[in-house]
Amino acid sequence: MEIKRIESIIEAILFTMGDSVEVSHIASAIEHDVSTTRKIIHNMMDRYKKEDRGIRIIELGDAFQMCTKPEMYEYLVRIAKQPKRHVLTDVMLETLSIVAYKQPVTRIEIEKIRGVKSDHAINKLIEYDLICEVGRLDAPGRPLLFGTTEEFLRRFSVQSLDELPSIDTERMETFKEEAEDEVQLKLDI
């Protein structure tokens, strides 16, 4: 099969599916190996970028998805009216960052780190499809374990969790000291 035909098939698959499609499934459909399929898709991604197209293909772990370029959002809004945008509060962002860096993590671990109940934030993050239940801890009560979703990767424009910024240990110590000082001030009052 010629390359243009293969690219057309991949384009049709990604457009029609809407969500991400595992590269192994695409490879099976075009009857090529995963490595070759990945190279073809990366070439398509480069060409879309070079041609400054309104769409792009993004890589999410071992899957690919066709989506609109972020710069096109304002034009889409004009057509589709105001799409529902989920607003992430500071509490939700704090909870989400704990899940992203500590996953899999239980609700109790999240609350221990935050120092307050986190039911609402966790429920909203599940509703927004940024976190999900990934299993149960093998402990009394078998508490739920939470992890991030593919939508999390998509929203924060990262291909995998390995791309998350690493935590600087020196800054972490400074944050700990500031938090301890703040707690001490509240105790002194």
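Which exposed residues does the face of H6 turned away from its buried side carry? They are Ile108 and Lys112. Keep in mind that everything here comes from a predicted model.

**Helix H6 and its surroundings**

Helix H6 spans residues 107-114, and on its other face Ile110, Glu111 and Arg114 are buried. Those three cover an arc of only 95° around the axis, which is why they end up on the same side of H6. The general helix geometry fits with this: an α-helix has 3.6 residues a turn, so residues three or four places apart point the same way. As for what sits over the buried residues of H6, the cover includes H5, E4 and H7. Right after H6 comes Gly115, with a positive phi near 85°.

**The sheet**

Next, the strands. There are 3 of them in an open sheet, ordered E4-E6-E5, with antiparallel pairing. E4 and E5 are the edge strands, and each has a single partner, so one side of each is left without a neighbour in the sheet. Helix H5 packs on this sheet and touches E4, E5 and E6, while its direction makes about 95° with that of E6.

What about E6 itself, which covers residues 144-148? Of its 5 residues, 4 are buried, so the strand is largely enclosed by the rest of the structure. E4 and E6 are joined by 2 bridges and run antiparallel; here Thr106 stands opposite Leu145 in E6. On the E5 side, E5 and E6 pair over 5 bridges, again in the antiparallel sense. Two places to look at there are Cys132, whose bridge partner in E6 is Gly147, and Arg136, which stands opposite Leu144 in E6.

**Two helices that cross**

How do H2 and H3 sit relative to each other? Their axes come within 9 Å and cross at roughly 100°, and the two helices are therefore roughly perpendicular. From H2, the residues in the contact are Val23, Ser24, Ile26, Ala27 and Ile30, and they meet Val34, Thr37, Arg38 and Ile41 in H3. By type, the residues of this contact divide into 6 nonpolar, 2 polar and 1 charged.

**Backbone oddities**

If you like checking torsions, there are a few to look up. As background, most residues other than glycine have a negative phi, and most peptide bonds are trans. The table lists backbone angles that go against that background, with their places in the chain.

| Site | Backbone angle | Place |
|---|---|---|
| Glu31 | phi near 60° | loop between H2 (23-30) and H3 (34-50) |
| Asp129 | phi about 60° | loop between H7 (119-127) and E5 (131-136) |
| Gln103 to Pro104 | omega near -5° (cis) | Pro104: loop between H5 (90-102) and E4 (105-106) |

Are the two positive-phi residues in the table buried or exposed? Glu31 has 68% relative accessibility, and because the cut-off for exposed is over 50%, it counts as exposed. Asp129, at 40% relative accessibility, counts as partly exposed.

The loops in the table also tie back to the elements above. Glu31 sits in the loop between H2 and H3, the helices that cross at roughly 100°. Pro104 sits in the loop between H5 and E4, and H5 is the helix that packs on the sheet. Asp129 sits in the loop between H7 and E5, with H7 being part of what covers the buried residues of H6.

Key
Residues numbered from 1 in each chain as written. Predicted model: local features only at pLDDT ≥ 70, side-chain atom pairs only at ≥ 80, totals over all residues. Heavy atoms only, no water. Buried < 20%, exposed > 50% of the residue type's maximum accessible area, 1.4 Å probe, protein only. Axes fitted to C-alpha atoms, helices over the stretch in contact; angles between N-to-C directions. Parallel < 35°, antiparallel > 145°, perpendicular 65-115°, else oblique. Contact = heavy atoms within 4.5 Å. Nonpolar A, V, L, I, M, F, W, Y, C, P; charged D, E, K, R; others polar. Arc of directions from axis to C-beta. Pairing = 2+ DSSP bridges.
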